[in-house]
Amino acid sequence: MRRSIGGTTGVAVIALLAACSSNPKPAATTPQAASAAPMNADSMARAWARADSIARADSIARARALAQTHAESVKSEVMRETVEPSKDVTNLGLSASDEAMMTEQIHFDYNKSDLTSEDVTQLQQKLGVLQGHPYLVVQVAGNCDERGSDEYNMALGERRAAAAKRWLEAHGIGSDRVTVTSYGKERPIDPGHDEAAWAKNRRDEFVLSRRVD
């Protein structure tokens, strides 16, 4: 037996069945919405780490380039002219023995810029002469042996010269009376390639002159 569905009720049932049988299309994801997704914390950390690494590498490269330029400049200067201590003891007003003592070198251990006890003994003798002759000024030149790069030895030679300058200043010699320079490994006094030669070349030299007022 059939039952008829009529009137308003029949129309509503038909509409409901039609709605249930249809397949709605999923909403499309636009490219803009996909690209707007934020980076997660791990991705951001990696990006920052990479940027920091690049910045550090660039800074190190610039520092090395500056050091190399300085080393080449000093090398050119040494090739043009070698400064020797004054031998005119009359002009400096010193006895021959004081002159010899003032230009005597001090030496350093391998890869070190610390003053040894022997160095301090020599500096104490130089101190007495400088105190008694206030018109004298001295240039301290740091030197190294042949091992290591030009840049490294330039810096090491400067530290060695600065060590002597600091000691003299700490004992009353004005900073304007002591200057420092570094020749790195460019001025060996012994051309040998053994420990005996290297020990001689790891040194500070002292160049005296009169103060120019």
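This report walks through the overall build of a protein chain, one pair of its helices, and some of its salt bridges. The structure is a predicted model.

## The chain as a whole

Let's start with the broad view. The protein chain has 213 residues, and buried residues make up 29% of them. Its secondary structure comes to 8 helices and 4 strands. Reading from the N terminus, the elements follow the order α-α-α-α-α-β-α-β-α-β-α-β. Among contacts in the protein chain with a separation of 6 or more, 75% are between residues 24 or more positions apart.

## Two helices that cross

A good place to look next is the pair formed by α6 and α7. Helix α6 covers residues 117-132 and helix α7 covers residues 150-170; their axes come within 10 Å and cross at roughly 55°. How are α6 and α7 oriented to each other? An angle of roughly 55° falls outside the ranges for roughly parallel, under 35 degrees, and roughly perpendicular, 65 to 115, and α6 and α7 are therefore oblique to each other. The crossing of α6 past α7 is right-handed.

If you would like to find the meeting place on screen, look in α6 for Val120, Leu123, Gln124, Leu127 and Leu130. These residues meet Ala164, Trp167 and Leu168 in α7.

## Salt bridges

Now to the charged side chains. Side chains of opposite charge can pair when their charged atoms come close. The structure holds 11 salt bridges, and the table lists some of them with the distance between the closest N and O atoms.

| Salt bridge | Closest N and O atoms |
|---|---|
| Arg46 with Asp42 | 2.1 Å |
| Arg187 with Glu205 | 2.3 Å |
| Lys200 with Asp190 | 3.3 Å |

Arg46 and Asp42 both belong to helix α3, which spans residues 41-80. They are 4 residues apart, about one turn of the helix. Asp42 is partly exposed, with a relative accessible area of 47%.

Arg187 forms a salt bridge with Glu205. Arg187 sits in the loop between β3 and α8, while Glu205 is in strand β4 (residues 203-210), so this pair ties together parts that are 18 residues apart in sequence. Are these two partners buried or exposed? Arg187 is buried, at a relative accessible area of 10%, and Glu205 is buried as well, at 13%.

Lys200 pairs with Asp190 in another salt bridge. Here Lys200 lies in helix α8 and Asp190 in the loop between β3 and α8, so the pair ties together parts that are 10 residues apart in sequence. Lys200 counts as partly exposed at 42% relative accessibility, whereas Asp190 counts as buried at 19%. Elsewhere, salt bridges with shared partners join Asp145, Arg147, Glu195 and Arg202 into one network.

## A closer look at Asp190

Asp190 deserves a second visit. Where is Asp190 placed? Its place is in the loop that runs between β3 (178-184) and α8 (195-201). Asp190 is called buried because its relative accessible area of 19% is under the 20% cut-off.

What does the side chain of Asp190 reach at 2.9 Å? The answer is the backbone nitrogen of Gly192. Leaving aside residues up to four places away in sequence, Asp190 touches Ala197, Lys200 and Asn201. One of these, Lys200, is also the salt-bridge partner of Asp190.

Methods:
Residues numbered from 1 in each chain as written. Predicted model: local features only at pLDDT ≥ 70, side-chain atom pairs only at ≥ 80, totals over all residues. Heavy atoms only, no water. Helix = DSSP H or I, 4+ residues; strand = E, 2+ residues; numbered from the N terminus. Buried < 20%, exposed > 50% of the residue type's maximum accessible area, 1.4 Å probe, protein only. Polar contact = N/O pair within 3.5 Å; in protein donor to acceptor, adjacent residues only side chain to side chain. Contact = heavy atoms within 4.5 Å. Salt bridge = Lys/Arg side-chain N within 4 Å of Asp/Glu carboxyl O. Axes fitted to C-alpha atoms, helices over the stretch in contact; angles between N-to-C directions. Parallel < 35°, antiparallel > 145°, perpendicular 65-115°, else oblique. Left-handed = near helix turned anticlockwise from the far one by under 90°.
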